[in-house]
Amino acid sequence: MRKNIVAGNWKMNNDLAQTEALITALKNQTTSSNAEVMVAPTFTNLFQAYQALKTSNIEVIAQNMHFAENGAYTGEISASMLKSIGVNTVILGHSERREYFNETDELLAKKTDAALAKGIRVIFCFGEELADRKSGNEETIVGNQIKNALFHLEAAAFQNIVLAYEPVWAIGTGETASPEQAQDMHAFIRKTLADKYGNDVADEVSILYGGSVKPANAEEIFSKPDVDGGLIGGAALNAEDFFAIVNAF
Ligand SMILES: O=C(CO)COP(=O)(O)O
């Protein structure tokens with residue numbers, strides 16, 4: 001079902017003590033927002049965060065996982081391992097994974113399959129680079145990222161998929177896509193889904209925007225009809241800022 005979602009991606013930030021302090025600060029925030037709230041700590045703090053937040057309304061999610069069930073993949077984490085500590089949602093395809101760890105559409109299709117097979121919800125990220133937008137290719141790039149990694153799936157799989165449009169040029173740069181740019185791309189994404197799976201599927205998928213979302217711009221971005229929430233980086237590391245964004249819903 002289409003929901004409003006605000007997810008904090010903590011990336012490779014915060015040691016254990018800092019994670020505990022941020023969680024305490026998050027628990028002190030109050031909200032009447034109708035958005036689902038999630039945070040994604042680093043793997044070393046995932047279990048601790050899950051334990052600390054399991055009785056709260058904040059879901060603890062993972063930033064990545066491997067496609068294999070187990071085996072000789074030094075340094076990797078499987079879907080079952082996430083499940084075993086209570087984590088039921090994973091971010092896949094973040095542009096930092098694509099850029100620094102060479103994650104391809106093909107690999108992401110395998111990771112998505114592995115997550116869904118274990119009943120793990122996927123927040124699937126994609127987005128164009130600045131050069132793509134400058135040359136007017138942003139829709140082609142985004143359309144292909146979605147088709148290549150997800151269009152082998154059955155329609156029912158999209159009940160467990162959230163899409164996150166994160167233009168690379170807006171991540172950590174302070175430069176946000178304008179609310180109109182976000183809406184235009186989100187409408188294109190929904191149409192891309194509708195063309196393949198029909199309106200019933202497309203209308204039910206939540207599509208998040210990510211890239212320099214801040215308390216000052218969240219409300220306007222979230223007010224757009226095809227923007228169902230945000231994936232928040234830098235501003236999610238501060239509990240007050242993060243909840244100011246949550247409260248934009
Ligand atoms: O990459 C992001 C979330 O996954 C966005 O990061 P910033 O909010 O820091 O731009």
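These exercises walk through a predicted model and the binding-site positions recorded for it.

**Exercise 1. Find how confident the predictor is in this model.**

Step 1. Start with the protein. Its mean pLDDT is 97.
Step 2. Check the coverage. 100% of the residues reach 70 or more.
Step 3. Turn to the complex. The predictor gives an ipTM of 0.99 and a pTM of 0.98.

**Exercise 2. Locate the "binding site" positions from UniProt and say whether they cluster or scatter in space.**

Step 1. List them. The unreviewed UniProt entry names N9, W10, K11, G172, S212, G233 and G234.
Step 2. Look along the sequence. The positions are spread over 226 residues.
Step 3. Look in space. They cluster, and the largest C-alpha distance is 14.0 Å.
Step 4. Compare with the largest pocket. Its lining takes in N9 and K11 from this set.

**Exercise 3. Decide whether W10 is buried or exposed, and list its contacts beyond four places in sequence.**

Step 1. Place the residue. W10 sits in the loop between β1 (5-9) and α1 (16-27).
Step 2. Apply the cut-off. Buried means under 20% relative accessible area. W10 has 0% relative accessibility, so it counts as buried.
Step 3. Read off the contacts. W10 touches T19, L22, I23, L26, V39, A40, P41, Q63, A236 and L237.

**Exercise 4. Place G233 and find its contacts beyond four places in sequence.**

Step 1. Find the loop. G233 lies between β8 (229-232) and α11 (239-246).
Step 2. Find the partners. G233 is in contact with N9 and K11.
Step 3. Link back to the record. N9, K11 and G233 are each among the UniProt "binding site" positions.

Key:
Residues numbered from 1 in each chain as written. Predicted model: local features only at pLDDT ≥ 70, side-chain atom pairs only at ≥ 80, totals over all residues. Heavy atoms only, no water. pLDDT = per-residue confidence, 0-100. UniProt positions renumbered as here; feature names shortened; annotations may be inferred. 1 Å grid on protein atoms, 1.4 Å probe; cavity = no way out; pocket = protein on both sides within 12 Å on 5 of 7 lines; lining within 4 Å. Helix = DSSP H or I, 4+ residues; strand = E, 2+ residues; numbered from the N terminus. Buried < 20%, exposed > 50% of the residue type's maximum accessible area, 1.4 Å probe, protein only. Contact = heavy atoms within 4.5 Å.
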